Amino acid sequence: MSAETVNYLDPAVLAKLEGLQLRAARIVEGYVSGLHRSPYQGFSVEFAEHREYAPGDDLRYVDWKVFGKTDKVYLKQYEEETNLICYLLLDTSESMQYQSAAAPLSKLEYAQCAAAALAYLVVRQQDSAGLVTFDDAVRQFVRPSSSATHLSQMVQVMEQTDAVRKTRTGPIFHELAERFNRRGIVFILSDLFDDADEMLAGLKHFRHRRHDVVVLHVLDPAELDFPFQHATMFHGMEALGDLLVEPAQIRKAYQQEISRFTAQVRTGCLAHGADYVQMQTDTPLDVALSTYLSHRRRRVQ
Amino acid sequence: MLGWLAAAAAPILIHLWMRHTHRDTRWAAMEFLREAIKRNARRLKLQQWLLLAVRTLLLLLLAFAAAKPYLSGWNLLTGGPKIHRVLVLDGSMSMQYKSGDQSLFDRAKQYAVKVIESGNSVDLISVCLLAGPPQTIVAGPIADARRASAQIASLEPTYGRGNLSETLAVVKELIDDSADEASVHEVVFFTELAAHSWHAAIDQPATIAQIEDLANLAKLTVVDVGAIGPENVSVGSLRLAGSLPTTAGPVRLECEVANHGPSRVYDVVVQLVNSGVAIDEQSISLPAGGTTTVAFDVQLAESGWQTIAVRTPSDNLAADDVAWLTLDVKPRVRVLLVEGAPGAAKYLQHALNPGGQTSPIEATVIPEGALVETPLDDFDVVFLCNVARITQGERDYLHRYVVNGGNLVLFLGDRILPEVYNDVLAQQQQNLATPPAAAMGIGRGQRSTNLLYSDRAPAMRLVKQADAPADALLPAEVGELRSSEEFGLDPLDYRHPIAAAFRGSERAGLLSTPVSRYYELKPSDAATVALALPSGDPFLVTAPCGDGMVAVIASSASLDTIDPATVQPWTMLPAWPSFLPIVRELVVFGLEQNRDANRAEPGMVISGALPPTWAKASVDLLRPDGRVDSVPVVRGDGIVEWSYTSTDLPGAYTVLSTASNEPLSVATVNVPGTESGLTRVATDSLPDSFQVQTTTGDLQRTLANVGATTDLHRWLLYAVLALLLIESVMAWAFAGRAA
């Protein structure tokens, strides 16, 4: 257990992210400050100093008490804090347990690492991170927080998954969209092996609630390449039955099917304003996060 | 076969087995897999069936091709009738010719075995040897190819002739015997097409008719295994040239050396060998196709049986590089002169023994009454001079002597009673003195061989019926007494050996010999006229009789026989210079005839007489290969005789005395001179019934043209290869490309 914990917060993994962290921090800060006004009203604001009014300044920040005492117009100067809330939606259904021979991690392990790394990144930036694990229902819900102890709590929750149930993304996304009463970035870490239309409808709901949505589509490389050579009995996870297949004969057709699915998801995400990043479990995590950050940066720009 | 059929089911078994020998894995993206299968279900199923069909067909074809011997047995491949194939291997001596490292006969065997192997398993096979007489190796017919091949592999070429006509007759018998077992027949000859064997197919109407008759029954094929431009030097016809085999004087031996090759040969060393030791040699050169007579003069120091050989250096046909001759060398040749009247043999005695003890001939004169009391076996020639009558006892006595190898010469005269001569001497008594071997149906000089192998027929003897030996002691019927006004004798172109001695020696007086009174002679069929009178009437007539020779002279041997009309001798011959050569040549001729009886060709029966006192039931016979065979003795009417049929090798066959192991008699067997000639008949001159295949080209092509062997299995294998290619492409297209 401790070893897996170390894995989730592997300093080596995070050390790789260190270089990116500075960039990420700038991206996040820029994302917030570049908007000139925080889109996220209601975040905590601490007073820093006063300065004289200049034409064009927002009259809402005039300190009327000082004006009453000194007859001078000063504006309240605030020390801004990042106010990002990051919701990490981790799919813990049975299908996420798949791990091919060529992959170092199962999809679930990979998604856990990615979620933990993101959470760590977020918390280190004094932002708030929340965690939701789900399969056919919401299993755990950790409210967003930016405390260091909160991170440990999220890691612990992630470890407590049994991953034996089916996936039902659509209803769950709808439910969570209602439950997330504060806007933020919703990271969805899942293989999305569910009805694509329902899932996209759920994403749309998130967007309707003005969340930013980033879909981290976690797939095993074997699920894309279908590299099997010999006759194989495929035992379906999530109680989907068995199939005896001569892989060579079906490979092309399967690849067409999975491509069609990923294309549908990608197109749907883009259509609803969500970011889509396909992550294969044999690619390094830093690459995955870097890919995300670069996506994010392009979006900010 | 069942194994191959099981192999054909392999794809199905593999398909079923695959369902149990797959790999297992858990799988998350099951919906997409299921959807992919669903979308391609029909295509996948079609592909699988196609692959299964191709693989099954591939193995089935392979099984059919591999199981050709079995399937052909069911006529599934050929669809044709069962074929009876008669393989005729030329076993004549000339097939021993070595071309490269292989003799022609070995090449013939090789091709015969290949033909058997390339045939179908149900084909029936008979094998026979083209020889003289032909030998049936596998009478069969049998379907056991392995057995037939083994029989062929064990064959050895003979040293004899090849008799095509007799062989064709045997082949026809084999076909007739198998008519119920097969409806299609093929006869395949493996031969060098030597002219001495095959000329009959070109110029003998009877043989041509045989071939046409056979062609109506069977397909005839000739596989030509002959050599190109064969070279051969042979030696043969070793003989005593006009001299008597005695120690009293030198003897002249002659032989013929022939070059049968296309180019001149130089420095051919011809050696004379006596009892295994070379005693003389000559070096000769011969033009292409040339023949020369080589003569040796030797002094034989010891009496008794001696085996003489002449040999040339071994060449590609070694069998004819040695010629054999056996001589019963005596200190002097003994002749018995029986006088019908005192002095009737006086001139004859002087002519035969002019030099007293130094003459090679010792003449003994007895009166006619002493004939039956004189042991004739001590004498080589018996002369009857003007003996009036011959009793039946005397006739039998003389007949037994002649049949056993003696020589009888009859000089007529004024005392003889022609009707008695004709009644007694000319009679043929089959039961009286017929040699035992002849009684068995095998006479001297006849051929005998055993049926070497027969699948169902019992062993039998194939005997060629030779001309029946003359039993009559009188070679010509004695007719009326005639007179002649003209002098001289007609040598009849010197054809007879006795007359041949006078060729080129006209001064010997033969042509001027006066004969005024003589008996008309009417020669029998077996007789030969050596000399004739100017009127054309025979004067000297000879004929073989048993192992011996009989001769009759139409006139007297004495000047004492006077013609009452002219008061002159019947003939001046006894005083004429030609008398001495004539009588001496008569002796030589008689002894040569006797030797000829002991010179046979391979395959002929040799026989000989034994002393009447011989008590044992058999004699030991030493063969040329060193083997000693025990030969049964046949007795009959005072004659004790042995005969031997297994004269398969050339050389000396020696009958050994049991007591001293000394030779009692020696017979030599020489290869036939005709077999040395390697001239081939032109293939286009053979009857059209023959299909001729040469072996100078590709063996497979030759074999493909022989018989009706099917090459369907080869096409099956081609189909297998094509299917292998198709299967690979299909598998790649169905699976590999998708991958």
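Helix H5(B) is a good place to enter this predicted model. Its buried residues are Leu104(B), Phe105(B), Arg107(B), Ala108(B), Lys109(B), Tyr111(B), Ala112(B), Val115(B) and Ile116(B). The helix covers residues 104–118 of chain B, 15 residues in total. At 1.5 Å a residue it should span 21 Å, and its end C-alpha atoms are 21 Å apart, so the two values agree.

Now turn to chain A. It has ten helices and ten strands. Of its 301 residues, 38% are buried. Take the contacts in chain A with a separation of 6 or more: 77% of them join residues 24 or more positions apart.

One helix pair in this chain deserves a look. Two packed helices are described by the angle between their axes and the distance between the axes. Helix H6 (residues 169–179) and helix H7 (residues 196–208) of chain A pack at about 10°, and their axes are 7 Å apart. Angles under 35 degrees count as roughly parallel, so H6(A) is roughly parallel to H7(A). H6(A) brings Thr169(A), Gly170(A), Ile172(A), Phe173(A), His174(A) and Ala177(A) to the contact. H7(A) answers with Glu198(A), Met199(A), Ala201(A), Gly202(A), Leu203(A), His205(A) and Phe206(A). By class, the contact has seven nonpolar, five polar and one charged residues.

Next, the interface. Here 27 residues of chain A are in contact with 27 residues of chain B. On the chain A side, strand E8 (232–236), strand E9 (242–245) and helix H9 (247–271) each give two or more residues. H9(A) gives the most, with ten residues. This side of chain A has 16 nonpolar, six polar and five charged residues. Strand pairing also crosses between the chains. Five bridges join E8(A) to strand E1 (residues 23–27) of chain B, and the two strands run parallel. Within E1(B), Arg23(B) stands opposite Thr232(A).

Finish further along chain B, at an open sheet. Seven strands form it, in the order E17-E16-E18-E19-E26-E25-E24, with mixed pairing. Strand E17 (361–367) and strand E24 (528–532) are the edge strands, each pairing on one side only. From one strand to the next, the twist averages 15°. Strand E19 (residues 407–411) and strand E26 (residues 548–553) of chain B run parallel and are joined by five bridges. Leu408(B) stands opposite Val550(B) in E26(B). Helix H12 (residues 392–403) of chain B packs on the sheet. H12(B) touches strand E18 (381–385), E19, strand E25 (538–545) and E26 of chain B. The direction of H12(B) makes about 125° with that of E26(B).

Methods: Residues numbered from 1 in each chain as written. Chains lettered and ligands numbered in written order. Predicted model: local features only at pLDDT ≥ 70, side-chain atom pairs only at ≥ 80, totals over all residues. Helix = DSSP H or I, 4+ residues; strand = E, 2+ residues; numbered from the N terminus. Expected span 1.5 Å × (residues − 1). Buried ≥ 20, exposed ≤ 12 C-beta atoms within 10 Å, placed from the backbone. Contact = placed C-beta atoms within 7 Å. Nonpolar A, V, L, I, M, F, W, Y, C, P; charged D, E, K, R; others polar. Pairing = 2+ DSSP bridges. Axes fitted to C-alpha atoms, helices over the stretch in contact; angles between N-to-C directions. Parallel < 35°, antiparallel > 145°, perpendicular 65-115°, else oblique.
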